[in-house]
Amino acid sequence: MEKTLVIIKPDAVGKKAVGNIITAFDDFGLKLAALKMIKPSRNVIEQFYSIHKEKPFFQPLVEFMDCAPIVVCVWESENAVSKVRNFIGATDSQKADKGTIRNLFGTNNRKNAVHASDSLENAEKEISFFFKPEEILNYNYDAWISK
Ligand code: CMP
């Protein structure tokens, strides 16, 4: 089973779309392994996106991500990284395929509702960036739902 990191960004939080986005991932067959709402410092956001620090969109991206709380979550499934990347759609919400998360909940290439890890290696780094090992929960739905 793979795990991947998803960030629900300030635009989606502001639109009260957090619940709908979590439901969409649940319904898509992913299993929630960790979840929290946080307001990281600007410095933490700069570190998280440091790979883009030379890009022209870096400062506006950091400012946008710094404007309000975000929700960070870990989703688990077979091939979770590629499954989630396909499900969220293209970076620019204007170009994202119909029915994808960014198409449904985003606006453009900055206000694009969610971030998701782009490789297994980055997923591991990004998950440990936001979560302590003990915050990643390993459980079995059937173990108590059937009780
Ligand atoms: P995300 O998946 O969070 O990874 C980096 C982010 O940078 C990306 O989503 C976009 O929100 C943003 N981004 C990427 N390209 C552009 C661009 N050309 N203009 C503005 N923002 C961008």
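**Fold, cores and cysteines of the predicted model**

Cysteine 73 is buried, with a relative accessible area of 1%. The other cysteine to look at is residue 67, and here the picture flips: cysteine 67 counts as exposed, at 53% relative accessibility. In this model, which is predicted, the sulfur of cysteine 73 lies 18 Å from the closest cysteine sulfur, that of cysteine 67, and this is too far for a bond. A disulfide would need the two sulfur atoms within 2.5 Å. A search of the whole structure accordingly turns up zero disulfides, and cysteine 67 is in none, its nearest cysteine sulfur being that of cysteine 73.

Zooming out, the protein chain has eight helices and four strands. Along the sequence they come in the pattern β-α-α-β-α-α-β-α-α-β-α-α. With a radius of gyration of 15 Å, close to the 15 Å that the globule rule gives for 147 residues, the chain is as compact as a globular protein of that length. Its C-alpha trace spans about 50 × 35 × 25 Å along the principal axes. Of the 147 residues, 45% count as buried. Contacts reach well along the sequence, too: taking those between residues at least 6 apart, 75% join residues at least 24 apart.

On to the strands. β1 (2-8) is mostly covered, with six of its seven residues buried. This strand pairs with β3 in the antiparallel sense, over seven bridges. One of the residues involved is glutamate 2, whose bridge partner in β3 is serine 77. β1 also runs antiparallel to β4, and three bridges join those two strands. There, isoleucine 7 stands opposite histidine 115 of β4.

What sits inside? In soluble globular proteins, nonpolar side chains tend to be buried together. Here the largest nonpolar core has 24 residues, and the ones with the most contacts inside it are Val6, Ile8, Ile21, Phe25, Trp75, Ile101 and Val114. Quite a few elements chip in: β1, α1 (10-14), α2 (18-27), β3 (70-77), α5 (80-88), α6 (101-105) and β4 (114-116) each supply at least two residues. The largest share, five residues, comes from α2. There is also a second, separate core of 19 residues, which includes Ala33, Ile38, Phe48 and Phe131.

Tryptophan 75 deserves its own look, being one of the residues with the most contacts inside the largest core. Setting aside neighbours within four places in sequence, its contacts include Glu2, Lys3, Thr4 and Val6, together with Ile22, Phe25 and Asp26. Leu30, Lys31, Leu32 and Ala80 are in contact with tryptophan 75 as well.

The last element to consider is helix α4, residues 58-65, in which Phe58, Leu61, Val62, Phe64 and Met65 are buried. Seen down the axis of α4, these buried residues fall within an arc of 160°, so they line one face of the helix. Among the elements that cover them are β1, α1, α3 (42-48) and β3. β1 and β3 thus turn up twice: they cover buried residues of α4, and they pair with each other as antiparallel strands.

Note on methods: Residues numbered from 1 in each chain as written. Predicted model: local features only at pLDDT ≥ 70, side-chain atom pairs only at ≥ 80, totals over all residues. Heavy atoms only, no water. Buried < 20%, exposed > 50% of the residue type's maximum accessible area, 1.4 Å probe, protein only. Core = buried A, V, L, I, M, F, W, Y, C linked by side-chain atoms within 4.5 Å. Contact = heavy atoms within 4.5 Å. Pairing = 2+ DSSP bridges. Arc of directions from axis to C-beta. Rg over C-alpha atoms; globule rule 2.2 N^0.38 Å.
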